[in-house]
Amino acid sequence: MARDPGDRPSQALFNPPLSEIKARQAGVLERASSHWDVLLETARDADVGAVRGRIHFIWIFLEWTEKEVDARFAAFAGSAQQLWDLLKSLGGE
C-alpha cells in the first residue's frame with residue numbers, strides 16, 4: 001500500500017475482478033411511493049487485509065436491452081458532476 005509523506009496509508013483505486021465480488025439482496029429502500037432494491041457487494045482487499053463493502057440501491061434505467069441501458073448511462077455519465085446531480089436529486093431537495 002502506498003503511503004503519503006506523513007506515513008499514512010493513501011487511498012488506492014480498488015477495482016477487484018467481477019469474479020471476486022459477492023453480491024446479495026439486502027432489502028428494499030422505500031421513499032413515499034418509490035421503491036428500490038438494495039444490493040450489498042463485498043470483496044476482499046488484500047492490500048489492506050480487509051473486506052470492502054458497497055451498497056447499490058438505484059434502478060434508474062428501464063430499457064428493452066442491456067445495450068440500450070449502457071447507451072442511456074453513457075449519455076449522462078460523461079462527468080462526475082452529472083452523477084452528483086443525480087444523487088442530489090434523489091434526496092428530494
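**Entry 1: Asp45**

I looked up the surroundings of Asp45 in this predicted model. Beyond its neighbours within four places in sequence, Asp45 is in contact with Phe14, Ala50 and Arg52. I placed Asp45 in strand E2, which covers residues 34-45. I then asked whether Asp45 is buried or exposed. Its relative accessible area is 5%, and because the limit for buried is under 20%, I recorded Asp45 as buried. I also noted a polar atom of the Asp45 side chain at 3.0 Å from the backbone nitrogen of Asp47.

**Entry 2: Glu41**

I turned to Glu41, which also belongs to strand E2. Its relative accessible area is 18%, and I entered Glu41 as buried. Since buried means under 20%, the value of 18% places Glu41 in that class.

Which side chains make polar contacts with that of Glu41? I found the side chain of Arg54 at 2.6 Å and the side chain of His56 at 3.2 Å. Leaving aside neighbours within four places in sequence, I listed the contacts of Glu41 as Ile21, Lys22, Ala23, Arg52, Gly53, Arg54 and His56. Arg52 is thus in contact with Glu41 and is also in contact with Asp45.

**Entry 3: the sheet**

I next traced the sheet around strand E2. I found an open sheet of 3 strands, in the order E1-E2-E3, with antiparallel pairing. Which strands stand at the edges? They are E1 (22-31) and E3 (50-56); each has a single partner strand, so one side of each has no neighbour in the sheet. I noted that the twist from one strand to the next averages 25°.

**Entry 4: pairing of E2 with E3**

How many bridges join E2 and E3? I recorded 7, in the antiparallel sense. Within this pairing I located Ala43 opposite Arg52 of E3. The residues of the E3 range 50-56 include Arg54 and His56, to which the side chain of Glu41 makes its polar contacts.

**Entry 5: pairing of E1 with E2**

I then examined the other pairing of E2. E1 and E2 pair in the antiparallel sense over 9 bridges. As one example, I noted Trp36 in E2 as the bridge partner of Leu29. What joins E1 to E2 along the chain? The two strands form a hairpin with 2 residues between them. In the turn I noted Ala32, which has a positive phi of about 55°.

Note on methods
Residues are numbered from 1 along each chain as its sequence is written. This is a predicted model: local features need pLDDT of at least 70, side-chain atom pairs count only at pLDDT 80 or more; totals for chains, interfaces and linings use all residues. Side-chain values use heavy atoms; hydrogens and water are left out. Helices (H or I, at least four residues) and strands (E, at least two) are DSSP runs, numbered from the N terminus. Buried means under 20% relative accessible area, exposed over 50%, partly exposed in between (1.4 Å probe, protein chains only). A polar contact is a pair of N or O atoms within 3.5 Å; within protein, one must be able to donate a hydrogen and the other to accept it, and residues adjacent in sequence count only if both atoms are side-chain atoms. Contact means heavy atoms within 4.5 Å. Two strands pair if DSSP finds at least two bridges between them. Axes are lines fitted to C-alpha atoms, for helices over the stretch in contact, and angles run from 0 to 180 degrees between N-to-C directions.
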